[in-house]
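Here is a set of short exercises to work through with the model open beside you. Try each task before reading its solution.

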Amino acid sequence: MNGFIDKLGEKLLPIAGILGENRYLKVLRDAFMLAFPITMFGSIVVVLNNLPFFSDTLQDNLGNLFGNGQNATMSILTIFVTFGIGYYLSKSYDVEGVFGGAVSLASYLILTPFTMVTESGEAVTGVLSLDRLGAKGMFIGMIAAFLAAEIYTRIVKKGIVIKMPDGVPPAVANSFAALLPAIITLTTFLLLNAAISGFFDANLHDIVYTAIQQPLTALGSGLPATLIAVFFIQFLWFFGLHGQIIVNSVMDPIWNTLGLENLAAYQAGEPLPHIVTNPFMDVYNVGLGGSGGTLVVVLLLAFVMKSSQNKEIGRLALLPAIFNVNEPLIFGFPLVLNTSIFIPWVIAPMVTTAFNYAVMAAGIFPIPTGVAVPWTIPVIISGFMATNSFMGGLLQIIDMAIIGLIWFPFLKLVDKVNLNTVSMADE
């Protein structure tokens, strides 16, 4: 077992290290985190407007009164992400981030059709459709933001800027320095948009959505790809690497897009199209006590195991685990490089993920609506918020029972070894 894990680690850890230090993946992660407070506010508004014990009439009235809380946040998430990409990518090249973010956002909007088709089929010009600024525009927004920021920063680095004399206020000098790079970058995107519209009578939004976004989201929403992602999250944590950051930096754009599509369907009163979304991954994995759903493991250590070592670790780790922080367990038990618990550590969250997918697909338990739930929200409450149903919290309890059953025999073996070690020491 040890030899197999060592060989697997030798092959995969260098790849994980490359992904973890990749400039573009780090920028993408930071851009989504920039949008996190905004989306969190929108999620809270959605939850409060649609509490399950409210009547349909009350929900409609609340939607009319407070609906802009969502429209101005989660429904236009791509705007915040594109600005964040431009900002953080520019900063990574030691270029003024604010102007890089503004240029990236403007470049994305240049590629965005200012036309909306009404329900009657009439095309209204001069209007931005919310779906272009939300889930449907996410991938073209990310692509445009990265390209725009790269062009902008390279021009700045080449010194193609207007330099103001000393004594000019920094804000003015920075604006003039950004002028030529911004004009060149935005002109590039304007010509690109004109070429696509003129020669193909189309727009890049629809092209990217059809050719890239739909296939990728379809792949990311499937159970096999999801289980592979869960496996790598747990496997990387086993070696002390932050599996969530590394894997989610690749998968978050897909899972976030799927969540936004669910939220749009939920708001429209339509069936939710996807089971796997960011809330699905967070609430039914991290939301059960940290990565791998280890709250039940902490409870078993603290109150069921007999060795004083396990009891002490469990009780020390209990409070953080309630708020889904399990580093005390990961490094204190430890879980890192502990081959005796490698199997439950990796297998348990994969089993619950497959189980959750199956019961949601069968309609037994509700699918997460797409609202963002803070990862520190305790179990049961987070399940309710994610699904707008008490059944969401019940499913978390069932997941914890499954994880506990998988972990129990392995914890008993560790406990037995600890007890024997103490007995030998006493002799």
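**Exercise 1. An unusual backbone angle**

Take Ile380 in this predicted model, and find out whether this residue is buried, exposed or partly exposed.

*Solution.* Step one is the accessibility. Ile380 has a relative accessible area of 42%. Buried means under 20% and exposed means over 50%, so with 42% Ile380 is partly exposed. Step two is the location: Ile380 sits in the loop between α17 and α18 (381-387). Step three is the backbone: phi of Ile380 is positive, about 80°, although this residue is not a glycine.

Now try Asp94 in the same way. Where is Asp94 found? Asp94 belongs to the loop between α5 (77-92) and α6. Its phi is near 60°, again a positive value in a residue other than glycine. At 68% relative accessibility, Asp94 counts as exposed.

**Exercise 2. A cis peptide bond**

Look at the bond from Phe333 to Pro334 and decide: is this peptide bond cis or trans?

*Solution.* Read omega, which is near -5° for this bond. The peptide bond from Phe333 to Pro334 is cis. To place it in the fold, note that Pro334 lies in the loop between α16 (327-332) and α17 (342-361).

**Exercise 3. The whole chain**

Describe the chain as a whole: how many helices and strands does it have?

*Solution.* Begin with the secondary structure, which comes to 19 helices and two strands. Next take the extent: the C-alpha trace spans about 85 × 60 × 40 Å along its principal axes. Then turn to burial, where 49% of the 427 residues count as buried. Finally, consider contacts between residues at least 6 apart in sequence: 71% of them join residues at least 24 apart.

**Exercise 4. Two packed helices**

Work out how helix α11 (residues 223-238) and helix α12 (residues 243-267) pack: at what angle, and how far apart are their axes?

*Solution.* Two packed helices are described by the angle between their axes and the distance between the axes. Here the angle is about 160° and the axes are 8 Å apart. Angles over 145 degrees count as roughly antiparallel, so α11 is roughly antiparallel to α12. The crossing of α11 past α12 is left-handed.

Now list the residues that meet. From α11 come Ala229, Phe232, Ile233, Leu236 and Trp237. On the α12 side they meet Gly243, Gln244, Ile246, Val247, Asn248, Met251 and Trp255. Sorted by type, the residues of this contact are nine nonpolar, three polar and no charged.

**Exercise 5. Salt bridges**

Search the whole structure for salt bridges: how many are there?

*Solution.* The search finds three salt bridges. Take them one at a time.

- Arg29 and Asp30 join through their side chains, at 3.3 Å from N to O. Arg29 is partly exposed at 27% relative accessibility, and Asp30 is partly exposed at 25%.
- Asp206 and Arg132 join through their side chains, at 2.7 Å from N to O. This pair links distant parts of the chain, with Asp206 in helix α10 (residues 204-220) and Arg132 in helix α7 (residues 130-133), 74 residues apart. Asp206 is partly exposed at 30% relative accessibility, whereas Arg132 is buried at 11%.
- Glu150 pairs with Arg154, and their closest N and O atoms are 3.1 Å apart. Both belong to helix α8 (residues 138-157), where being four residues apart separates them by about one helical turn. Glu150 counts as buried, at 11% relative accessibility.

**Exercise 6. Neighbours in space**

Compare the surroundings of Ser104 and Leu186: which residues is each in contact with, leaving aside neighbours within four places in sequence?

*Solution.* Start with Ser104 in helix α6 (residues 97-110). Ser104 is buried, with a relative accessible area of 0%. Its contacts beyond those sequence neighbours are Thr82, Gly86, Ala145, Ala148 and Ala149.

Move on to Leu186 in helix α9 (residues 170-200). Leu186 is partly exposed, at 25% relative accessible area. Beyond its sequence neighbours, Leu186 is in contact with Val103, Ala106, Ser107 and Ile110.

**Exercise 7. A covered helix**

Inspect helix α14 (residues 295-303): how many of its nine residues are buried?

*Solution.* Seven of the nine are buried, and the helix is mostly covered. The buried residues of α14 are Leu295, Val296, Val297, Val298, Leu300, Leu301 and Ala302.

Note on methods
Residues numbered from 1 in each chain as written. Predicted model: local features only at pLDDT ≥ 70, side-chain atom pairs only at ≥ 80, totals over all residues. Heavy atoms only, no water. Axes fitted to C-alpha atoms, helices over the stretch in contact; angles between N-to-C directions. Parallel < 35°, antiparallel > 145°, perpendicular 65-115°, else oblique. Left-handed = near helix turned anticlockwise from the far one by under 90°. Contact = heavy atoms within 4.5 Å. Nonpolar A, V, L, I, M, F, W, Y, C, P; charged D, E, K, R; others polar. Buried < 20%, exposed > 50% of the residue type's maximum accessible area, 1.4 Å probe, protein only. Salt bridge = Lys/Arg side-chain N within 4 Å of Asp/Glu carboxyl O.
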